[in-house]
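Load the model and keep the sequence panel open beside it. This tour moves from one selection to the next and says what is there.

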Amino acid sequence: SSTNVVPGSNGSVIAVNGQLVVAQEINVQMSADFTTSTLVSIGNLDNEILDNESRYTGTSTSNSFTVSADGLYQVIINTQLATTVGTSPVVGIWDNTPDLPTNPNGQWIARVNDKAATDLQTYTLISAVQMYAGRTYSFRVSNTASTTIKAESSGSTGSGPITQMTVKRLK
């Protein structure tokens, strides 16, 4: 008998325990700049390029997502931050689920930080982290000074999208 191995949804096909499945993928871009000076879930990260399991929510003030299965997930974050030279902004993925008593407000599971050498600096994170079904995650930023996450990079020859964040199940 013939078995249909054509995926039923958008995304990359991976093999998990001998079965072909479409990997959960979330890929989002900024719709407008977002400014903060504290640890917050990034707002305006609401231009969904791909959310093949409808597990991502992005609004003008925040974002969050869940994963459908425990597994190893690739994280790709590229963003341009405008902030005060000498401060050390952090951007990454936050596990919103409290782990009492050590992390009652959640914790970073993937992050990039660097001392700002200029008032406009690009940060990139490419990593793989274990993520778990039943937990809620968010893309976050933190700094001690006012920080703007830029939706577009622009110059004398034009502009284009700069901030994009991706989570993709690997296994």
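Two strands pair if DSSP finds at least two bridges between them. Helices (H or I, at least four residues) and strands (E, at least two) are DSSP runs, numbered from the N terminus. The model is predicted: local features need pLDDT of at least 70, side-chain atom pairs count only at pLDDT 80 or more, and totals for chains, interfaces and linings use all residues. Residues are numbered from 1 along each chain as its sequence is written, and side-chain values use heavy atoms, with hydrogens and water left out.

**Stop 1: the whole chain**

Select everything. How many helices and strands does the chain have? It has 0 helices and 17 strands. The radius of gyration is 17 Å, close to the 16 Å from the globule rule for 171 residues, so the chain is as compact as a globular protein of that length. That radius is taken over C-alpha atoms, and the rule is 2.2 Å times the number of residues to the power 0.38. Along its principal axes, the C-alpha trace spans about 65 × 50 × 25 Å.

Now colour by burial. Buried means under 20% relative accessible area, exposed over 50%, partly exposed in between (1.4 Å probe, protein chains only). Of the 171 residues, 40% are buried. The accessible surface of the chain comes to about 8,600 Å². Carbon and sulfur atoms hold 47% of that surface. Areas come from the Shrake-Rupley method with a 1.4 Å probe; for residues, only the protein chains shown count as cover.

Switch to contacts, meaning heavy atoms within 4.5 Å. Take those between residues at least 6 apart in sequence: 66% join residues at least 24 apart.

Show the charges. Lys and Arg count as positive and Asp and Glu as negative; His and the chain ends are not counted. There are 9 positive and 12 negative side chains. The centres of the two sets lie 7 Å apart, with each charge placed at NZ of Lys, CZ of Arg, CG of Asp or CD of Glu.

**Stop 2: strand E9 and its partners**

Select residues 71–82, strand E9. Which strand does E9 join through 12 bridges? The partner is E12, residues 120–131, running antiparallel to E9. Zoom in on Val-75: its bridge partner in E12 is Ser-127.

Add E17, residues 164–169. E9 and E17 are antiparallel and joined by 6 bridges. Tyr-73 has Arg-169 of E17 as its bridge partner. Ile-76 stands opposite Thr-166 in E17.

Add E14, residues 147–150. E9 and E14 run antiparallel, with 3 bridges between them. Here Ala-82 stands opposite Thr-148.

While the side chains are on, recall a rule: in a regular strand they alternate between the two faces of the sheet.

**Stop 3: E3 beside E17**

Keep E17 and select E3, residues 25–29. The two pair in the antiparallel sense over 5 bridges. Glu-25 stands opposite Lys-168 in E17.

Stay here and pick Ser-12, in the segment before E1. Is Ser-12 buried or partly exposed? Ser-12 counts as partly exposed, at 24% relative accessibility. Setting aside residues up to four places away in sequence, Ser-12 touches Val-21, Val-22, Ala-23, Glu-25 and Lys-168. Draw a C-alpha distance from Ser-12 to Arg-169: 9.0 Å, across 157 residues of sequence.

**Stop 4: Ile-49 in E6**

Select Ile-49, in strand E6 (residues 47–51). Ile-49 is partly exposed, because its relative accessibility is 49%. Beyond neighbours within four places in sequence, Ile-49 contacts Asn-27, Val-28 and Gln-29. Its C-alpha lies 9.9 Å from that of Glu-25, with the two positions 24 residues apart along the chain.

**Stop 5: two loop asparagines**

Select Asn-17, in the loop between E1 (13–16) and E2 (19–22). Asn-17 is not a glycine, yet its phi is positive, about 50 degrees. At 78% relative accessibility, Asn-17 counts as exposed.

Next select Asn-44, in the loop between E5 (40–41) and E6. Its phi is also positive, near 65 degrees. Asn-44 counts as buried, at 13% relative accessibility.

**Stop 6: the E15–E16 hairpin**

Finish at residues 152–155 and 158–161, strands E15 and E16. They pair in the antiparallel sense over 4 bridges. The two form a hairpin with 2 residues between them. Ser-154 stands opposite Ser-159 in E16.
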